Structures are given as structure tokens and as C-alpha cells.
Amino acid sequence: MSVRILLCDDHVVVRAGLLALLGSTPDIEVVGEAGSGEEAVAMAAKLKPDVVLMDLQLGAGIDGVEATRRIAPTGVHVLVLTTYDTDADITRAIEAGATGYLLKAERPEELFAAIHSAAQGRTALSPPVASRVMDRMRGAAGPSLTDRERDILGQLGRGLGNREIARALFISEATVKTHLGRIYSKLGVDTRAGAVAVAKERRLLP
């Protein structure tokens, strides 16, 4: 029995490439393509595929995490296929019900294997993602933040930019940038939004 797949990616070229790649293996059948989160939710309900191959960033409308949250309870397995591997993205996707999380840089054989694992309800994670998950489990609280880093993180949560944070805390912008670099490293993120998301998740914000 072949695994029935629904593709969800907002880039037509990416979908075409995946369609050609998956079409090269006889035991995987692509039954539909969606270009948005809303379309994926509707098509998953209609087509009832074994696995939805889901990107996280889908342009306008709901993102891949929200689409996963709506699809997963129906019994359809969702395998995230994305370029994003921050702790915040991984956590949000898994908490939304994703069966697996794969990076687009993986080799085709690994993608095929992950699809078959997801179809059977088994967790499928890219090695870098698995390492990050294990690191989080080993030290769920993560490295402790200094008082100054917590202050800056709190200002980030209020939506302030570097200049505003510097003024609020009576420090230089260069100092703010230095602290932000340390915060990103400790939280395992590389963006301000990612830092705020992880901080909320770990209840680090006042």
C-alpha cells in the first residue's frame, strides 16, 4: 500500500520539486497540493491523506503550526518540512500535534523514510532537530539568564527596539546588542520574535 500525501507549501516551485521527487518512488502517492494553511485544512478533511507534508511559513492566513493544530485531531498525521529549526518553531509544531519535524536540507532517502514513519504514527525528526529536543529535555529550564538579560528580555516582550531599550535601561545600544546576542544563544534562537516566544513558553517574562 502506498502512502497518500498532501503537500502544503506556499511556493509553487517548491511544491513542483517535491511532486517530482515524491513521484520518483512507487510507494508514495501525492493526492493533493495546498498553497495555504486554510487550503491544507480543507483538503485534509476532504482527501483524508495518510500524511500532510507541512511547511511552517505560509504567507498570508494561518501558518503551518495553526494548520497542524487543526488537522492533527482528525487523525491525519502531519510531518513538518521546513528550513526553520529554532527551539521555538520546533516546540510550537510538536505541541500543535506534528508527528515529525524534518528540515528541507535532508537527503531524499531520509524524507521518504520520515514519510513512512509518520504514516505509521512514529515520530520522525531530523538529526539536528532531535539533538535540540534532547538538549531541551536534559535541561528544560536552559541556561540561566542574568538580571540584566532578563531586563532586556522584558523590554523585548514589550516590543521595544534596541534604541528604546537602551534609553529605558540607561545603557548604550552596543551593550543592548551584546546582551541580545547572549540571550539568543542561551535560548537557542536567532530572532527577536523567537526570543520572545521561548521566553513566554518558559515564563521568563514579567
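Visitor: How many cavities of 30 Å³ or more does a search of the whole structure find?
Guide: This is a predicted model, in which local features need pLDDT of at least 70 and side-chain atom pairs count only at pLDDT 80 or more, while totals for chains, interfaces and linings use all residues. Residues are numbered from 1 along each chain as its sequence is written, and side-chain values use heavy atoms, with hydrogens and water left out. A cavity is a set of points on a 1 Å grid over the protein atoms alone where a 1.4 Å probe fits but cannot get out. At the threshold of 30 Å³ or more, the number of cavities found in the whole structure is one.

Visitor: Which strands each supply at least two residues of the lining of the largest cavity?
Guide: The space in the largest cavity is about 40 Å³ (the volume filled by probe spheres set on the grid points, which are joined across faces, edges and corners). Its lining (residues with an atom within 4 Å of a point) includes Leu7, Cys8, Leu53, Met54 and Lys104. Strands are DSSP runs of E, at least two residues, and helices are runs of H or I, at least four, numbered from the N terminus. The strands that each supply at least two lining residues are E1 (3–8) and E3 (51–54).

Visitor: Between which domains does the largest pocket lie?
Guide: The largest pocket (an open set with protein on both sides within 12 Å along at least five of seven lines) holds about 210 Å³ of space. Among the residues that line it are Tyr84, Asp89, Arg92, Asp190 and Ala197, and helices H4 (87–95) and H10 (192–201) are the elements that give two or more residues to this lining. Because both domains, whose bounds come from an automatic or database domain assignment, give residues to the lining, the pocket lies between domain 1 (1–136) and domain 2 (145–200).

Visitor: What distance separates the centres of domain 1 and domain 2?
Guide: The contact (heavy atoms within 4.5 Å) takes four residues from domain 1 and six residues from domain 2. Taken over C-alpha atoms, the separation of the two domain centres is 32 Å.

Visitor: Which helix gives the most to the largest nonpolar core?
Guide: This core (buried Ala, Val, Leu, Ile, Met, Phe, Trp, Tyr and Cys residues joined through side-chain atoms within 4.5 Å) has 21 residues, and Ile152, Leu156 and Leu180 are among those that touch the most other members. The elements that give two or more residues to this core are H7 (147–157), H8 (162–169), H9 (173–187) and H10. With five residues, the element that gives the most is H9.

Visitor: Is Gln155 buried or exposed?
Guide: Gln155 lies in helix H7. Leaving aside its neighbours within four places in sequence, Gln155 is in contact with Leu160, Ile165, Ala168 and Leu169. Buried means under 20% relative accessible area, exposed over 50% and partly exposed in between, with a 1.4 Å probe and protein chains only. At 12% relative accessibility, Gln155 therefore counts as buried.

Visitor: What is the approximate phi of Lys48?
Guide: Most residues other than glycine have a negative phi. Lys48, in the loop between helix H2 (37–47) and E3, is exposed, with a relative accessible area of 58%. Although Lys48 is not a glycine, its phi is positive, at about 50°.

Visitor: Where is the place of Phe170?
Guide: Phe170, a residue other than glycine, has a positive phi near 60°. At 77% relative accessibility, Phe170 counts as exposed. Its place is in the loop between H8 and H9.
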